[in-house]
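Trainee: Could you take me through one part of this model closely, starting at its surface? Please keep the steps short.

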Amino acid sequence: MSAVHHDGHEGPGHLPRMQLDDLLEELQVRIDAVRGTRDRIHSLLEAVLSVGRELELSQVLRRIAEAAVQLVDAEYGALGVIGEDGQLSQFIPVGVTEEQTEAGGLLPAGNGLLGELIRDPAPLRLAEPARHPSSQGSPAGRHQTGSFLGVPIRVREEVFGNIYLAEKRDSKEFDGDDETVLSTLAAAAGVAIENARLYEEARYRQRWMEANAEVTRALLSGVGERRVLGLIVELARTILSADLGVLALPEEGGDFLRVAVAAGTDAEMHRGLLLPREGSFVGAAVDAGEVTTSADVEHDSRITAGPPRWAGLGPAVAVPMIAEDTAKGVLLLARTKPRQPFADTQTAPLSAFAGQAAVAMELAERRRDAEQITLFEDRDRIARDLHDLAIQRLFATGMTLQSAMRFVDHPKAGERLLRAVDDLDATIKIIRSTIFGLRTHDADSAGEGLRSRITEAVQDVAPALGFAPALRMEGLLDTEVPGDVADDAVAVLREALSNAARHAAAHAVEVSAETAAKTLTLCVEDDGVGMPAGGRHSGLHNLAERADRLDGEMRLETPDGGGTRVVWSVPLNRPGQ
C-alpha cells in the first residue's frame with residue numbers, strides 16, 4: 001500500500017483534486033469564450049456577406065436592421081435614415097408589431113435618444129436609458145426600460161443614418177463587445193449602402209434613357225401629340241412610382257397653363273384645368289426654371305388658384321420642359337401620404353428627361369409643319385387636277401349625252417340618259433365639294449378634319465377598353481359637316497365611348513360615322529351588359545341635349561345579340577344656315 005500524506009496529496013507530483021477541478025473548469029470557460037468569439041466572428045462575417053449581397057437599397061436597409069438585432073441578441077432594433085432636414089426620413093423597425101408602431105407614433109421625428117445620435121454621431125451605449133437627459137421614446141415605440149445601444153452608419157464621410165438597439169436578451173446591458181460588433185457591421189453597411197445607391201442610380205439612368213428613346217421614337221414616328229404627352233406622363237409616373245402624373249402646356253401669352261394630361265389618383269379633378277402661373281405649383285416650376293419640390297403639396301402655400309384637388313397627396317415634384325430657353329410644358333408628379341419624398345437620385349434625371357422630351361416635341365412640331373406644307377401643296381395640286389381635268393371631262397361627257405338625246409326615240413332609253421346626266425351633275429358637285437375641302441384649312445381644328453378627330457377619339461379609348469374598337473367612316477365628313485356640328489359630334493363620340501369603357505364590360509365595340517341625305521349619323525355599338533335598370537343616365541341626357549340643339553335626335557337601342565347601340569344623328573342643312 002502506498003502511503004497517504006497528511007498534506008492532502010495522493011502522492012508525490014500530484015495536484016489536489018479540488019485545484020485540478022478548478023483548473024479544468026477555468027480551461028472550459030476559456031474554451032467556451034474562444035468558441036463564442038469564433039461563433040460571433042463567424043456570425044458577423046455572415047451578416048456582412050448577407051448585407052453585401054443585396055442590391056436593392058430598401059432590402060439592404062432591412063437586412064442591416066435584422067442582422068444587427070441577431071448579432072447582439074437584442075429584443076428590438078431599428079435603422080433610421082437621416083433626411084436633408086436633419087430629421088429621420090425613413091425608419092425601419094425590427095421586432096415591433098404594427099400595433100406597437102402605431103402606438104409609438106413612428107415614424108419618429110428624431111427626438112430623444114434617436115435625436116441624440118443625429119446631433120452627435122458617435123456610438124451611444126446606456127445601461128439605463130431612462131436616466132439619460134435626452135431619453136424620449138425608443139425603437140420599440142414604448143417607454144424604454146432596458147439597455148440601449150446606437151451607432152452611426154457612415155457612407156464615405158456622410159452620416160447616412162443610425163442603428164438603434166434596445167433591451168439586450170439574457171443580460172442587463174450591452175457590453176463593449178456588442179458595441180464593437182455593431183460598429184463593424186455599421187462600417188460594412190456603409191459600403192453596402194453605397195453600392196446599392198450606385199446600382200439604383202445606374203438603374204434609374206438606364207430607365208430614363210429608355211424612356212427618352214421611347215418618347216423620341218413616338219414623336220418622330222408621327223404618333224399624335226396627345227398620345228405622346230400621355231406616354232411622357234405614364235413613363236415618368238412608373239419610373240418614380242408616383243400616384244399622380246400631370247402635364248400642363250402653356251397657353252398663348254404664357255400667363256396661363258392648361259392641364260393637357262392627368263393620370264392616376266383623382267386625375268379627373270386636374271384634367272382640363274386652366275391655371276394661372278401665379279398661384280399654381282406648375283407655374284412655380286416655370287418661374288423657377290428648374291426642378292421644384294414640395295414636401296406636402298396639399299398644404300403648399302404656393303398653391304392658391306384652382307379648385308381643391310390635392311387632398312391626400314403629400315410629396316410632389318414639378319419640372320419645366322425647356323427647349324430653346326422656352327418652357328414647352330410642365331411635368332408634375334405626386335405621391336399620396338405618408339409615402340417618402342422624391343429623392344435627389346430620382347429627381348436629378350427627371351430634369352434631363354423633361355428637357356429631352358421638350359426638344360423632341362420641338363423637332364416633331366417642326367417636322368409636322370414641314371409635312372403640313374407638303375400636304376397643302378399636294379392638296380392644291382390634286383384640287384387643280386380635279387378641276388382642270390376630271391370636272392371638265394365629266395362636264396363634256398354630260399354635254400355629249402344631252403346632245404345625243406335628240407337622236408334617241410325610245411322613252412326608256414331617254415330616261416336612262418337623263419339619269420346618267422343627273423348622276424354626272426351629282427358627281428361634279430361631289431368633286432367640287434372635295435376640291436373646296438382640299439383648299440380649306442380649318443384653323444380652329446389645327447388643320448385636323450372630322451375624320452382624323454374621330455380616329456383620334458377611337459384610338460384614345462383603346463387603353464381603357466383593353467382593345468381597339470372597329471371604325472367605319474363614309475361620306476364627305478371633312479367637307480359637308482360644319483365646324484360646330486363637328487365639335488358636338490366629337491364630344492358625343494367621346495362620351496359614348498367613355499360610357500362603353502366604364503360600364504359596358506364589352507369585348508367588342510363598333511363605331512360608324514357617315515354623311516348621307518344631308519345628315520350626319522354617329523353610331524356606337526357594344527356587346528356588353530346593356531343599360532342597367534334604374535341607372536344614372538346623365539351622360540346620355542347630355543347626348544340627347546346636343547342632338548336637340550342641332551334639330552337632331554339620339555336613340556338608345558338594344559341589338560339582337562345584346563349590348564347597347566347609341567345612334568346620334570343631326571341634319572346638315574338646318575334652317576338659318
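Mentor: Start with the nonpolar patch on the surface. L220, V359 and L363 make it, and its area is about 230 Å². Keep in mind that the model is predicted. Now take one member of the patch, V359. This residue sits in helix α8, which covers residues 344–404. Is V359 buried, exposed or something between? V359 counts as partly exposed, because its relative accessibility is 41%. A residue needs over 30% to join a patch, and V359 with its 41% passes that test.

Next, look at the stretch that leads to α8. P338 lies in the loop between β11 (326–336) and α8. The peptide bond from K337 into P338 is cis, and its omega is near 0°. R339 is in that loop too. What does the side chain of R339 meet? Its partner is D243, in a salt bridge with 3.0 Å from N to O. The two partners are 96 residues apart, so the bridge ties distant parts of the chain; D243 belongs to the loop between α6 (225–239) and β6 (244–250). R339 is partly exposed, since its relative accessibility is 29%. The whole model has 22 salt bridges by this rule.

Another loop has a buried acid. D300 lies between β9 (292–294) and β10 (313–323). Its relative accessible area is 11%, so D300 is buried. Its side chain has polar company: a contact of 2.8 Å with the side chain of R302.

K168 is a charged residue to compare with that. Find K168 in strand β5, residues 158–168. K168 is buried because its relative accessible area is 17%, and the cut-off for buried is under 20%. What lies 2.8 Å from a polar atom of the K168 side chain? The backbone oxygen of V72 does.

Go on to strand β1, residues 74–82, which is joined to β2 by six antiparallel bridges. Within that pairing, G80 has F91 as its bridge partner. Strand β2 spans residues 88–94, and five of its seven residues are buried, so the rest of the structure largely encloses it.

Now move along the chain to helix α12. Residues 483–504 form α12, 22 residues in number. From first C-alpha to last, α12 reaches 30 Å, close to the 32 Å expected at 1.5 Å a residue. Its buried residues include V485, D488, V492, A496, N499 and A500. A general rule helps you read such a list. An α-helix has 3.6 residues a turn, so residues three or four places apart point the same way. Just after α12 comes A505, with a positive phi of about 50°.

Then the strands begin. β13 (residues 509–516) and β14 (residues 519–526) are antiparallel partners with eight bridges. A513 is bridged to L522 in β14. Two residues separate β13 from β14, and the pair forms a hairpin. What are the phi values in that turn? A517 has a positive phi of about 50°. K518 is in the loop between the two strands, and its phi is near 60°, positive although K518 is not a glycine.

β14 has a second neighbour. Eight bridges link β14 with strand β16, residues 564–571, in the antiparallel sense. T521 faces S569 in β16.

Look next at helix α13 (538–549) and what follows it. R549 is in α13. R549 is exposed, because its relative accessible area is 52%. Along the sequence, R549 and V570 are 21 residues apart, yet their C-alpha atoms are 9.4 Å apart in space. D551 is in the loop between α13 and β15 (553–557). The phi of D551 is near 60°, another positive value outside glycine.

End with charges. R555 and E553 form a salt bridge, with the closest N and O atoms 3.0 Å apart. R555 is partly exposed, since its relative accessibility is 33%, and E553 is partly exposed, since its value is 39%. Which residues share this network? E525, E553, R555, E557 and R565 are joined by salt bridges with shared partners. Elsewhere, E474 and R472 form a salt bridge of 3.1 Å, N to O. E474 counts as partly exposed because its relative accessible area is 39%, and R472 is partly exposed at 37%.

How values were computed: Residues are numbered from 1 along each chain as its sequence is written. This is a predicted model: local features need pLDDT of at least 70, side-chain atom pairs count only at pLDDT 80 or more; totals for chains, interfaces and linings use all residues. Side-chain values use heavy atoms; hydrogens and water are left out. Helices (H or I, at least four residues) and strands (E, at least two) are DSSP runs, numbered from the N terminus. Buried means under 20% relative accessible area, exposed over 50%, partly exposed in between (1.4 Å probe, protein chains only). A polar contact is a pair of N or O atoms within 3.5 Å; within protein, one must be able to donate a hydrogen and the other to accept it, and residues adjacent in sequence count only if both atoms are side-chain atoms. Patches are made of residues with over 30% relative accessible area and no salt bridge: like charges are joined within 9 Å, nonpolar side chains (Val, Leu, Ile, Met, Phe, Trp, Tyr) within 5 Å. Accessible areas come from the Shrake-Rupley method with a 1.4 Å probe; for residues, only the protein chains shown count as cover. A salt bridge is a side-chain nitrogen of Lys or Arg within 4 Å of a carboxyl oxygen of Asp or Glu. The expected span of a helix is 1.5 Å times one less than its number of residues. Two strands pair if DSSP finds at least two bridges between them.
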